[in-house]
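Hi,

Here is the structure I said I would pass on. Have a look at it first, and then read my notes below.

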Amino acid sequence: MALTILVTGATAGFGAAMVRRFIGDGHRVIAAARRMERLQALRSEFGEAVLPLALDITDAAAVAALPNSLPPNWRQVDVLVNNAGMAVGLDPAHKARVADWDRMVAVNVSGMLHMTHALLPGMVERNRGHIVNISSTAAIYPYPGGHVYGASKAFVTQFSLNLRADLVGTGVRVTDLEPGLVGGTEFSVNRFGGDTARASAVYAGTVPLSADDIAEAASWVVNLPAHMNINRMEIMPTCQAPGPLAIKRT
Ligand code: 8X3
């Protein structure tokens with residue numbers, strides 16, 4: 001059955017890969033992002049199967065106006081993929097910039113919450129829907145310099161599980177995807193303020209996951225039969241594993 005799927009952060013990385021994958025699956029996609037020229041490129045590529053939506057998820061008023069600001073035949077959103085998110089900086093907490101912390105909370109936490117708040121009531125009313133949240137292995141496994149990024153993703157994971165508690169008994173599903181090391185996206189370039197050499201070094205000597213791998217996981221959970229809910233999915237490349245706890249020896 002063809003679904004209407006809204007993806008935030010749709011013009012790059014996981015988001016763009018998911019747009020392609022979902023359309024390949026036979027669904028139609030509301031591609032939400034800030035960069036209109038990139039959205040138009042998706043529209044040119046996929047035509048009527050994509051509705052480009054210029055939206056900054058930190059603009060609370062614009063998000064609150066959803067879904068009624070969508071064209072009438074796009075308002076019944078079946079799946080919301082809260083994909084937009086970011087890491088800013090990798091300095092230790094005592095050297096981090098508070099503006100970077102605020103930015104991560106605004107996008108990863110508040111933006112995700114506002115999108116969910118805008119679209120969830122319609123899903124419950126229709127007794128069908130699916131919230132797919134993009135968290136991270138950083139939600140579970142701390143690492144130096146992760147502080148607010150990891151904490152924001154822990155929020156995403158815990159919010160997802162708590163949504164399930166409220167939604168049990170409805171036909172609305174919630175899934176938390178938790179990817180580890182994923183290469184080939186703008187994630188690390190953004191984290192390091194555009195320093196591409198530093199970003200590349202993160203993936204040196206590894207075979208990381210790709211955005212297409214995450215789209216594969218998203219496609220799987222979305223296309224499962226309605227009685228199946230994947231609560232959490234932790235995904236790492238084979239070259240990555242949780243490490244031992246750190247011990248500082250003198
Ligand atoms: C991305 C994975 O390890 O860079 O969420 O935090 S990590």
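**What turned up inside and between the helices**

Keep in mind that this is a predicted model. There is one cavity of 30 Å³ or more in the structure. That cavity, the largest, encloses about 30 Å³ of space.

If you want to find it on screen, select Asn82, Ala84, Asn108, Met112, Asn133, Ile134, Lys153 and Val156, which line the largest cavity. Helix H4 (98-126), strand S5 and helix H5 (147-167) each give at least two residues to that lining. Sorted by class, the lining has four nonpolar residues, three polar ones and one charged one.

Next, the second largest pocket. Its volume is about 320 Å³, and 22 residues line it. Nearest its centre you will find Gly129, Gly171, Arg173, Leu224 and Ala226. At least two lining residues come from each of strand S5 (129-134), strand S6 (172-179) and helix H8 (211-223). So S5 is worth colouring on your screen: S5 supplies residues to the lining of this pocket and also to that of the largest cavity. As for chemistry, the pocket lining splits into nine nonpolar, nine polar and four charged residues.

Now for the helix packing. Two packed helices are described by the angle between their axes and the distance between the axes, and I have both for two pairs involving H1.

How do H1 and H8 cross? Their axes come within 8 Å, at an angle of roughly 50 degrees. The two helices are therefore oblique to each other, and the crossing of H1 and H8 is right-handed. On the H1 side, the contact is made by Gly13, Phe14, Ala17, Met18, Arg21 and Phe22. H8 brings Ala211, Asp212, Ile214, Ala215, Glu216, Ala218, Ser219 and Val222. By class, that contact has nine nonpolar, two polar and three charged residues.

The other pair is helix H1 (residues 13-24) with helix H2 (residues 36-46), whose axes come within 12 Å and cross at roughly 20 degrees. That angle makes H1 roughly parallel to H2. The crossing of H1 and H2 is right-handed. Here Val19, Arg20 and Ile23 in H1 meet Leu42, Glu45 and Phe46 in H2. The residues of this contact divide into four nonpolar and two charged, with no polar ones.

Cheers

Note on methods:
Residues numbered from 1 in each chain as written. Predicted model: local features only at pLDDT ≥ 70, side-chain atom pairs only at ≥ 80, totals over all residues. Heavy atoms only, no water. 1 Å grid on protein atoms, 1.4 Å probe; cavity = no way out; pocket = protein on both sides within 12 Å on 5 of 7 lines; lining within 4 Å. Points joined across faces, edges and corners; volume = space filled by probe spheres on them. Helix = DSSP H or I, 4+ residues; strand = E, 2+ residues; numbered from the N terminus. Nonpolar A, V, L, I, M, F, W, Y, C, P; charged D, E, K, R; others polar. Axes fitted to C-alpha atoms, helices over the stretch in contact; angles between N-to-C directions. Parallel < 35°, antiparallel > 145°, perpendicular 65-115°, else oblique. Left-handed = near helix turned anticlockwise from the far one by under 90°. Contact = heavy atoms within 4.5 Å.
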